[in-house]
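Here's a quick walk through the sheets of this model and the helices that pack on them. Have the fold on screen while you read.

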Amino acid sequence: MIPTYNNAGTLGAVLSEALTYTSHVIVVNDGATDETLAVLEQYPHLQLVSYSPNRGKGAALRRGFSYALQQGYHYVITMDADGQHFATDLPAMVQQIEEQPEALIIGARNLQQENMPGKNTTANKISNFWFWVTTGLKGPDTQSGYRLYPLLRMGKMNFFCTKYEFEIEVLVRSAWKGIKVNWTPVKVYYPPPEERVSHFRPFRDFVRISILNTVLVLVTFLYIKPRDFIRFLLKKENWKRMWKEEVLKAEESNVRKAASIGFGVFMAIMPIWGAQLLVAILVSIKLKLNKALVLLSAHISTPPFTPFIMFAGFYTGRIWMGQTAKDLVFKDGITFRTFRDNMLQFIVGSVTLAVLAGIAAWLLSWMLLGMFRKEKKNG
């Protein structure tokens, strides 16, 4: 499937090359205003989806997915119409269907090759980072448009984005759905700057992508992470595996394991709602703590425990507030004044509770690990 918008100069060559490998080619004409229709008339056997006005790459892909499903296709491989991708990589992409029939495969480009725009490399690194934050998956290239989509596995997903940011949305939400996301190497051609045609609008598209990433991160930490944690706890085999692989990890000391649990509890109570898990992950990596234990213990503040943790933090704040301490949150009504008066007590109390609970969790974990787990002796 090839979405196109005003790529008449390169579209013909892309189609001719693709047709040497397959007759099953769908072109989505996203409201082109150049000579695209004249180029398409030279290929009467193509399957064509055409509409006007231009709605964006995301809208074109969504239209193409719907059309492909109606025609009975179970998979779609997408290529760009600007000549960047090589049809010679199609056999390798098709091979992935046999090897990973339910996976979404991305063609990973060589981002260090000649004529690769520096801004593309930087943008891709940023995109890779936020994909990791929202899914926990690391990959070399999340912005490549050369992809294999498992349409049946994706099911009837309702998407919201219509521009370039759709390719981020579909990756993240597919991963959330449990679809495996993987990469396979592909070749890429970047013409010299004077020959390059791009419809990417740096400011507007960057703003749209930034807003999308913000929303995805919020959904990740407010819904996806708690959901996945609850699902994890409901599976007995996960408890056994974590006990063997993390708690009983022979090469890791009891002190480090206990510190990981204590730090996770500390971060769970710290009043930085929405960013606790992200900060916990980044700091645990820096301190070389047991990330699994940090994340597990940090989930003590997720629903349904959240209101109890918040109230405990607020109540602990009375220690520092003296005569101005409040007994109940907003007992005098919700106004700007009551919000201001209660917020300081909540923040100070939550930090205090986080420190105390973290130390207590560390000491208790260290003692229990010393009782039930023997450390591996070096030598």
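Three strands, in the order β1-β2-β3, make an open sheet with parallel pairing (strands are DSSP runs of E, at least two residues, and helices are runs of H or I, at least four residues, both numbered from the N terminus; two strands pair if DSSP finds at least two bridges between them). At the edges sit β1 (2-4) and β3 (47-51), each pairing on one side only. This is a predicted model, so local features need pLDDT of at least 70 and side-chain atom pairs count only at pLDDT 80 or more, while totals for chains, interfaces and linings use all residues. Residues are numbered from 1 along each chain as its sequence is written, and side-chain values use heavy atoms, with hydrogens and water left out.

Inside this sheet, β2 (residues 26-30) and β3 run parallel and share five bridges; I26 has Q47 of β3 as its bridge partner. Helix α3 (residues 57-70) lies across β1, β2 and β3.

The other sheet is open too, with four strands in the order β4-β6-β5-β7 and mixed pairing. Its edge strands are β4 (75-78) and β7 (181-185), each paired on one side only. Strands β5 (residues 104-108) and β7 are parallel and joined by five bridges, with A108 opposite P185 in β7. Helix α7 (residues 166-176) packs on this sheet, touching β5, β6 (147-150) and β7 (contact means heavy atoms within 4.5 Å).

Here are the helix angles, taken from 0 to 180 degrees between N-to-C directions, with axes fitted to C-alpha atoms, for helices over the stretch in contact.

| Helix | Angle to strand |
|---|---|
| α3 (residues 57-70) | about 145° to β2 |
| α7 (residues 166-176) | about 45° to β6 |
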